[in-house]
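Subject: Structure handover

Hi,

Here is the structure for you to look through. My notes on what turned up follow below.

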Amino acid sequence: MSEDRSTSGQKSWLEKLTQAFVHEPKTRQDLLDILREAHQNKLLDNEALAIVEGAIQVADLQVRDIMVPRSQVISIRADQSPRDFLPAVISAAHSRYPVVGESLDEIIGVLLAKDLLPLILREEQHDFDIKELLRPATFVPESKRLNVLLREFRANHNHMAIVIDEYGGVAGLVTIEDVLEQIVGDIEDEHDVEEDSYIRPLPSGDFLVKALTPIDSFNEFFGSEFPDDEFDTVAGLVMSTFGHLPKRNEITEIDGFRIRVLNADSRRVHMLRVSRLNA
């Protein structure tokens with residue numbers, strides 16, 4: 001009997017979901033509207049809806065929208081010794097680093113942090129040659145669509161690519177984690193911001209900022225001068241700039257800051273990722 005009831009319940013759920021698609025969507029917006037209606041009807045929970053929306057909208061984003069900009073790229077010079085570059089590697093705690101020649105525009109290869117582990121067993125480091133450890137670097141243009149990049153990452157088993165601008169110079173870098181964050185949300189877990197803290201620095205140089213951060217606290221932290229006479233929180237400032245309640249992954253720029261919405265629902269913004277444009 002319990003199996004029959006379970007099967008009946010499953011059919012009922014599937015019938016409801018099928019019924020939601022009776023009117024075939026003609027555009028991507030139609031599809032999103034149907035999914036949001038399904039969410040309102042309790043067929044999709046908040047997390048499932050956010051993931052589906054992220055997967056659909058990722059095709060609208062380009063590499064330039066999410067890349068780590070050139071000014072924030074942590075690289076290693078090919079002529080550095082382990083003693084010279086290991087402090088930066090330990091501090092950044094990244095898994096991959098571009099290795100350069102005389103400038104960042106001369107990318108020689110990519111160093112995986114795990115490939116440095118054998119150095120622990122070496123008594124002498126004078127014969128160290130970083131070029132023996134390098135993996136080939138992958139290059140992509142700023143304009144590449146994220147859905148295409150994700151497909152290439154999966155096909156080539158790459159996790160990082162160097163982003164090139166229209167003149168052939170290095171504009172930044174992008175990782176598979178950056179792309180996946182557009183679908184599933186911030187992997188570094190924006191909810192890990194302490195209860196008594198509004199702002200948390202990230203290894204990339206960006207910052208996680210609670211949307212309810214008071215504007216005066218934001219100004220004090222960043223040295224900015226946003227007025228607080230009209231809005232009390234960063235959420236109010238951001239929504240005023242957008243002119244509407246923004247959805248996840250929408251991006252705006254305000255007086256030297258690039259702000260991406262990490263978490264939002266139908267009523268309010270919850271979490272933001274903030275970058276300094278002049279860093």
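A residue counts as buried when its relative accessible area is under 20%. Of the 279 residues in the protein chain, 41% meet that mark. Keep in mind that this is a predicted model.

Overall makeup first. The chain has nine helices and 12 strands. Its exposed surface is about 16500 Å². Carbon and sulfur atoms supply 49% of that area. Take the contacts between residues at least 6 apart in sequence: 45% of them join residues at least 24 apart.

Now the cores. The largest nonpolar core holds 20 residues. Phe218, Phe222, Leu272 and Val274 touch the most other members. At least two residues each come from β9 (207-210), α8 (215-222), α9 (234-242), β11 (257-264) and β12 (269-276). The largest share is that of α9, with five residues. Another core, of 17 residues, lies apart from this one. Its members include Leu61, Ile66, Ala171 and Val174.

Leu272 is worth a look. Beyond its neighbours within four places in sequence, its contacts include Phe207, Val209, Val238, Ile259 and Leu262.

Then helix α6, residues 146-156. Leu146, Leu149, Leu150 and Phe153 are buried there. They sit on the same side of α6 because they cover an arc of only 100° around the axis. Arg151 and Ala155 are exposed, on the face turned away from that buried side. What covers the buried residues includes α4 (63-66), β5 (139-141), β6 (160-164), β7 (170-175) and α7 (176-184). Just after α6, His157 takes a positive phi of about 60°.

Best wishes

Definitions and conventions: Residues numbered from 1 in each chain as written. Predicted model: local features only at pLDDT ≥ 70, side-chain atom pairs only at ≥ 80, totals over all residues. Heavy atoms only, no water. Buried < 20%, exposed > 50% of the residue type's maximum accessible area, 1.4 Å probe, protein only. Helix = DSSP H or I, 4+ residues; strand = E, 2+ residues; numbered from the N terminus. Arc of directions from axis to C-beta. Contact = heavy atoms within 4.5 Å. Areas by Shrake-Rupley, 256 points an atom, 1.4 Å probe, with all protein chains shown as cover. Core = buried A, V, L, I, M, F, W, Y, C linked by side-chain atoms within 4.5 Å.
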